[in-house]
Every structure is written in C-alpha cells, then in structure tokens.
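Reader: Hi! I am new to reading protein models, and I would love a close look at one part of this one. Could you walk me through it slowly?

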Amino acid sequence: MLSRRLHKHIKSLQIKKYRLEHQAFLVEGKKNVAEILNSNIKIESIFCTQSFFDEFKAQITSFIELEVCTEQDLQDAGSLESNNAAIAICKLP
C-alpha cells in the first residue's frame with residue numbers, strides 16, 4: 001500500500017512546477033515502464049503490481065527503490081484510468 005507521502009509525491013509530479021522542482025518525472029503503464037527499464041534514464045523508484053514484478057524482476061536492479069502495491073493504489077495515484085501495472089519515478093536527464 002502506498003503511504004500518503006508517496007501518494008502526494010506522485011500526484012505532485014503530474015504538475016510541471018513540481019517536476020522541475022524535484023528534477024523528476026512520472027512514467028505510467030506496463031509498456032512505458034518496461035521501456036524505461038531498458039533505457040539509460042535513471043529510475044528513482046518503481047511502484048508496481050506483483051505480476052509486473054514477476055515478469056520484469058530480471059530487469060529491475062537492486063539499486064532501484066521498489067514497492068509492490070495493488071492495482072487500486074496505482075489507479076488512485078496515477079493519472080491513467082487503466083494503469084494497472086506500474087508507475088516509475090525517473091530523474092530528468
């Protein structure tokens with residue numbers, strides 16, 4: 001389950017002012033997060049379902065903060081209605 005602090009942080013990154021302030025951005029959805037895992041972009045943390053973790057655990061390195069949560073938590077925190085797999089917080093390049 002996502003804490004209130006993390007939920008608030010994820011919501012704040014949906015606003016440009018806070019993305020620039022934190023030098024971070026959100027990546028939402030299974031396909032998009034999977035593509036970020038294979039890129040050069042630095043990932044701060046990933047919030048995902050157990051099924052996403054099981055499928056991509058080989059690509060998720062130990063230095064990435066990971067939290068497994070429910071689909072409902074991800075839908076509440078994210079901006080996509082059908083986001084039911086993962087959200088990643090990445091550093092701005």
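Reader: What is the order of the strands in the open sheet, and what kind of pairing does the sheet have?

Author: Happy to help! A word on the model comes before the sheet. This is a predicted model, in which local features need pLDDT of at least 70 and side-chain atom pairs count only at pLDDT 80 or more, while totals for chains, interfaces and linings use all residues. Residues are numbered from 1 along each chain as its sequence is written, and side-chain values use heavy atoms, with hydrogens and water left out.

Now your question. The open sheet has four strands in the order β1-β4-β2-β3, and its pairing is mixed. Strands (E, at least two residues) and helices (H or I, at least four) are DSSP runs numbered from the N terminus, and two strands pair if DSSP finds at least two bridges between them. β1 and β3 are the edge strands, each pairing on one side only. From one strand to the next, the twist averages 15 degrees.

Let us go through the pairs. β1 and β4 are antiparallel, with five bridges, and here Ala24 stands opposite Lys91 of β4. β2 and β4 also run antiparallel and are joined by five bridges. Ile43 stands opposite Cys90 in β4, and Ile46 has Ala88 of β4 as its bridge partner. On to β3 (residues 65–68), which runs parallel to β2 and is joined to it by four bridges; there Ile46 stands opposite Leu66. β2, α4 and β3 together form a right-handed β-α-β unit. Right-handed says that, with the strands pointing away from the viewer, the path from the first strand over the helix to the second runs clockwise.

How enclosed is β4? Five of its six residues are buried, so β4 is largely enclosed by the rest of the structure. Buried is under 20% relative accessible area, exposed is over 50%, and partly exposed lies in between (1.4 Å probe, protein chains only). Ser45, in strand β2 (residues 43–48), is buried too, with a relative accessible area of 5%. Beyond its neighbours within four places in sequence, Ser45 is in contact (heavy atoms within 4.5 Å) with Ile64, Glu65, Ile87, Ala88 and Ile89.

Next, the helix on the sheet. α3 packs on the sheet and touches β1, β2 and β4, and its direction makes about 125 degrees with that of β1. Such angles run from 0 to 180 degrees between N-to-C directions, with axes fitted as lines to C-alpha atoms, for helices over the stretch in contact. Val33, Ala34, Ile36 and Leu37 are the buried residues in α3. They cover an arc of only 160 degrees around the axis, so they lie on the same side of α3; the arc is that of the directions from the helix axis to the C-beta atoms. The buried residues of α3 pack against β1, β2, α4 and β4.

Finally, the core. A nonpolar core is a set of buried Ala, Val, Leu, Ile, Met, Phe, Trp, Tyr and Cys residues joined through side-chain atoms within 4.5 Å. The largest one has 17 residues, and Val27, Leu37, Ile43, Ile46, Phe52, Ala88 and Cys90 touch the most other members. At least two residues come from each of β1 (24–28), α3 (30–37), β2, α4 (50–56) and β4 (86–91), and α3 gives the most, with four. A second, separate core of 12 residues includes Leu2, Cys69, Ala77 and Ile87.
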